[in-house]
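Work through two short exercises on the model shown here. Each task is followed by a stepwise solution.

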Amino acid sequence: MVETSSQTNSLAALSAEDLLRAAFKYQDALTSYAFALLQDWALAQDAVQETFIVLQKKHAEFRPGGNVFTWARQMVRYEALNILRARGREFCVADEELLALVDAQFSEHMNSDALVRMEQQKIALQHCMARLDNESVGLLLDFYRERLSCDELASARRRTVNAIRLALSRTRARLRECVRNRIALMEAK
């Protein structure tokens, strides 16, 4: 969760290791932010990893009483821009405006409650994924992580495209229901 003012005041003199530990709590939120900028999960993860390296090197620049999440998010933004530049994408005024909009929306919606919800969803999803059969997990991973199309999945699994779409739809529905129930259970405790 994002620090309150009393928490940030206690973070006045953080060592590089302590600052990195504090920032690591926000890895998922920072990766989501990087993805919003880069539109690529692998690049987003790279940006966050580079941010942690820079954060450790520049820990002495962290202002006493500052917010670790806000500072790390700004570093992620710079790392994302560096990745985009390194990949040869040119920026124009509209791109800077788009980045400013992403920043504004992220700031507006990523508060401590949102970070708690995100962590609950992650825990619930991990629990629910573990309950799926191997075929369903493999199908989801091939579709989302490997980015295989339904046509490619159908060919590889010797099934029709409609059968693949139906299997994906049913699996997502089971996951959605399981996550919803799991979060309700966590909130009830």
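The exercises below treat a pocket and a helix pair in this predicted model.

**Exercise 1. Describe the largest pocket: its volume, its lining and the elements that build it.**

Solution.

1. Start with volume. The largest pocket holds about 1,000 Å³ of space.
2. Go to the lining. It has 21 residues, and the closest to the pocket centre are W41, L125, M129, L141 and Y144.
3. Assign the lining to elements. Two or more residues each come from α3 (27–38), α4 (41–57), α7 (112–131), α8 (134–145) and α10 (161–188).
4. Find the main contributor. α7 gives the most to the lining, with six residues.
5. Sort the lining by class. Ten residues are nonpolar, four are polar and seven are charged.

**Exercise 2. How do α4 and α5 pack: at what angle, and with their axes how far apart? Classify the arrangement, then give the handedness of the crossing and the contact residues.**

Solution.

1. Read the geometry. α4 and α5 (residues 68–86) pack at an angle of about 120 degrees, and their axes are 8 Å apart.
2. Classify the angle. Roughly perpendicular covers 65 to 115 degrees, and roughly antiparallel needs over 145. The two helices α4 and α5 are therefore oblique to each other.
3. Give the handedness. The crossing of α4 and α5 is right-handed.
4. List the contact. α4 supplies L43, D46, A47, V48, E50, T51, V54 and L55. α5 supplies W71, A72, M75, V76, E79, A80 and I83.
5. Sort the contact by class. Between α4 and α5 there are eleven nonpolar residues, one polar and three charged.

Methods: Residues numbered from 1 in each chain as written. Predicted model: local features only at pLDDT ≥ 70, side-chain atom pairs only at ≥ 80, totals over all residues. Heavy atoms only, no water. 1 Å grid on protein atoms, 1.4 Å probe; cavity = no way out; pocket = protein on both sides within 12 Å on 5 of 7 lines; lining within 4 Å. Points joined across faces, edges and corners; volume = space filled by probe spheres on them. Helix = DSSP H or I, 4+ residues; strand = E, 2+ residues; numbered from the N terminus. Nonpolar A, V, L, I, M, F, W, Y, C, P; charged D, E, K, R; others polar. Axes fitted to C-alpha atoms, helices over the stretch in contact; angles between N-to-C directions. Parallel < 35°, antiparallel > 145°, perpendicular 65-115°, else oblique. Left-handed = near helix turned anticlockwise from the far one by under 90°. Contact = heavy atoms within 4.5 Å.
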